[in-house]
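Hi,

Here is the two-chain model I promised to pass on to you. Please have a look at it first, and then read on for my notes.

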Amino acid sequence: MARFPVWDPFIRLFHWSLVLLFAANSFVIDPDSALHAPIGYAIVALIALRLVWGLIGSPYARFSSFPISQSAILSQIRDIALSRRAAHCGHSPLGSVMICNLLFCILALGGSGYLASLSGGAVFPWAEDLHEFLVAWVQFSIVIHIGAVFFESRRIGVDLIRAMMTGFKEIPRYRAKE
Amino acid sequence: MTDPTKPLVLVLLIAAQAFCAVVFVGDVMADLFGTAEQEPEGGHAYFEALATLALIAAILVEIRILLWLLRRKAHLEQALSTAQSAVQEVIDAELDSWQLTPAERDVANFLIKGLNTGEIAAMRGSAEGTVKAQLNAIYRKSGCANRAELMSQLIDTLMGQRSQSPSTG
């Protein structure tokens with residue numbers, strides 16, 4: 001069993017703050033409350049920091065370490081189809097797609113929320129519909145994300161949730177990829 | 001020899017349909033359980049729900065086809081000539097008849113390619129003990145005692161196949 005340091009403190013802090021803030025805005029706080037917009041801006045600021053960290057951060061945090069590649073995606077789906085158990089150290093190829101989807105859509109969520117708030121929605125009447133659609137899409141994505149984390153944890157035999165808390169992936173040596 | 005079922009096309013199709021399914025499910029939920037913001041749609045909503053269920057069923061079937069396709073293609077990557085893929089087809093048919101699990105089938109393909117237990121374990125990211133258990137399951141299901149007997153059985157099948165259809169390949 002080898003311990004690979006994969007998620008640096010910023011990534012972990014980013015991930016769990018995003019979880020808390022998104023859950024708060026989406027399930028706890030009323031959309032019309034005065035807190036909704038500030039929390040939304042905090043989320044946008046978090047993602048902006050994450051984007052910068054994707055350029056200058058630790059190796060597995062960088063976008064260059066998890067490019068979206070068709071061949072890698074197909075090879076991961078093939079591994080799933082054959083129940084092969086090779087584990088990626090950083091983001092898996094399908095994981096990369098989900099990360100990019102979530103980063104982009106949550107950013108767009110913040111943007112559409114801002115546009116919808118201008119002069120009580122009079123300036124961009126479509127912004128509120130877009131905002132509501134994006135909420136549904138991001139919630140759906142998160143359900144898939146959590147499901148995929150449990151599924152992949154089982155398939156590759158690595159506790160991915162623990163890794164996001166401790167920063168280390170514990171992978172049997174013969175199973176680690178790249 | 002173009003293959004209409006490219007895995008990537010299927011992946012994109014599944015993604016696009018999943019996107020539509022989310023939109024439709026949201027719409028159906030709003031129609032059936034939502035607050036009466038607009039006039040209730042009545043029976044129409046049930047037809048929509050039915051159509052959405054059909055879409056989700058189609059997505060599940062497509063996922064099964066995609067996984068099946070990738071399993072089939074997994075060991076054909078280097079088989080460029082038609083003769084090689086014809087041999088692979090015969091082997092596939094034989095493996096089909098043993099009713100192996102996807103994992104066992106993967107191991108069996110590596111076994112036929114001549115990899116030893118350690119190499120198969122490395123290719124699959126499994127422990128060697130796991131591969132040994134899978135090899136035993138393969139021997140049991142194929143009715144062979146060991147690798148040599150299994151290879152003989154395959155060669156036997158290949159030769160039988162060749163005499164039946166000499167034009168193949």
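Going from the N terminus, the elements of chain A follow the order β-α-α-α-β-α-α-α-β-β, which comes to 6 helices and 4 strands. Please keep in mind throughout that this is a predicted model. The C-alpha trace of chain A spans about 60 × 30 × 30 Å along its principal axes. Of the 178 residues in chain A, 21% are buried. If you look at the contacts in chain A between residues at least 6 apart in sequence, 67% of them join residues at least 24 apart.

Chain B reads quite simply: its elements run α-α-α-α-α-α-α from the N terminus, with 7 helices and 0 strands. Here 14% of the 169 residues count as buried. For contacts in chain B with a separation of 6 or more, residues 24 or more positions apart account for 58%.

Within chain A, I spent some time on the pair formed by helix α4 (residues 93–117) and helix α5 (residues 127–156). These two helices of chain A pack at an angle of about 155°, and their axes are 9 Å apart. Because angles over 145 degrees count as roughly antiparallel, α4(A) is roughly antiparallel to α5(A). The crossing of the two, α4(A) and α5(A), is left-handed. On the α4(A) side, the residues that make the contact include A:M98, A:L102, A:C105, A:I106 and A:L109. On the α5(A) side, A:L130, A:L134, A:V135, A:W137 and A:V138 are among them. By class, the contact of α4(A) with α5(A) has 15 nonpolar, 6 polar and 1 charged residues.

Now to where the chains meet. In total, 19 residues of chain B are in contact with 17 residues of chain A. On the chain B side, the elements that give two or more residues are α1 (7–33), α2 (43–73), α4 (102–112) and α5 (117–124). Of these, α1(B) gives the most, with 5 residues. Sorted by class, the side of chain B that touches chain A has 13 nonpolar, 3 polar and 3 charged residues.

One helix of chain B deserves a closer look, namely α2(B). How far apart should its ends be? At 1.5 Å a residue, the 31 residues of α2(B) should span 45 Å, and the end C-alpha atoms are indeed 45 Å apart, so the two values agree. The buried residues of α2(B) are B:T52, B:L66 and B:L70. What do they pack against? The buried residues of α2(B) pack against α3 (70–81) of chain A together with α1 of chain B.

That brings me to the pairing of α3(A) with α2(B) across the two chains. The axes of α3(A) and α2(B) come within 9 Å and cross at roughly 95°. Since 65 to 115 degrees counts as roughly perpendicular, α3(A) is roughly perpendicular to α2(B). From α3(A), the residues A:L74, A:I77, A:R78 and A:A81 meet B:L66, B:L67, B:L70 and B:R71 in α2(B). That contact of α3(A) with α2(B) has 6 nonpolar, no polar and 2 charged residues. Note that B:L66 and B:L70 appear both in this contact and among the buried residues of α2(B).

Happy to talk it through whenever suits you.

Best wishes

Technical notes: Residues are numbered from 1 along each chain as its sequence is written. Chains are lettered from A and ligands numbered from 1 in the order in which they are written. This is a predicted model: local features need pLDDT of at least 70, side-chain atom pairs count only at pLDDT 80 or more; totals for chains, interfaces and linings use all residues. Two residues are in contact if their C-beta atoms, placed from the backbone, lie within 7 Å. Ala, Val, Leu, Ile, Met, Phe, Trp, Tyr, Cys and Pro count as nonpolar, Asp, Glu, Lys and Arg as charged, and the others, Gly among them, as polar. The expected span of a helix is 1.5 Å times one less than its number of residues. A residue is buried if 20 or more other C-beta atoms lie within 10 Å of its own, exposed if 12 or fewer, and partly exposed in between; C-beta atoms are placed from the backbone. Axes are lines fitted to C-alpha atoms, for helices over the stretch in contact, and angles run from 0 to 180 degrees between N-to-C directions. Angles under 35 degrees count as roughly parallel, over 145 as roughly antiparallel, 65 to 115 as roughly perpendicular and the rest as oblique. A crossing is left-handed if the near helix is turned anticlockwise from the far one by less than a right angle, and right-handed if clockwise.
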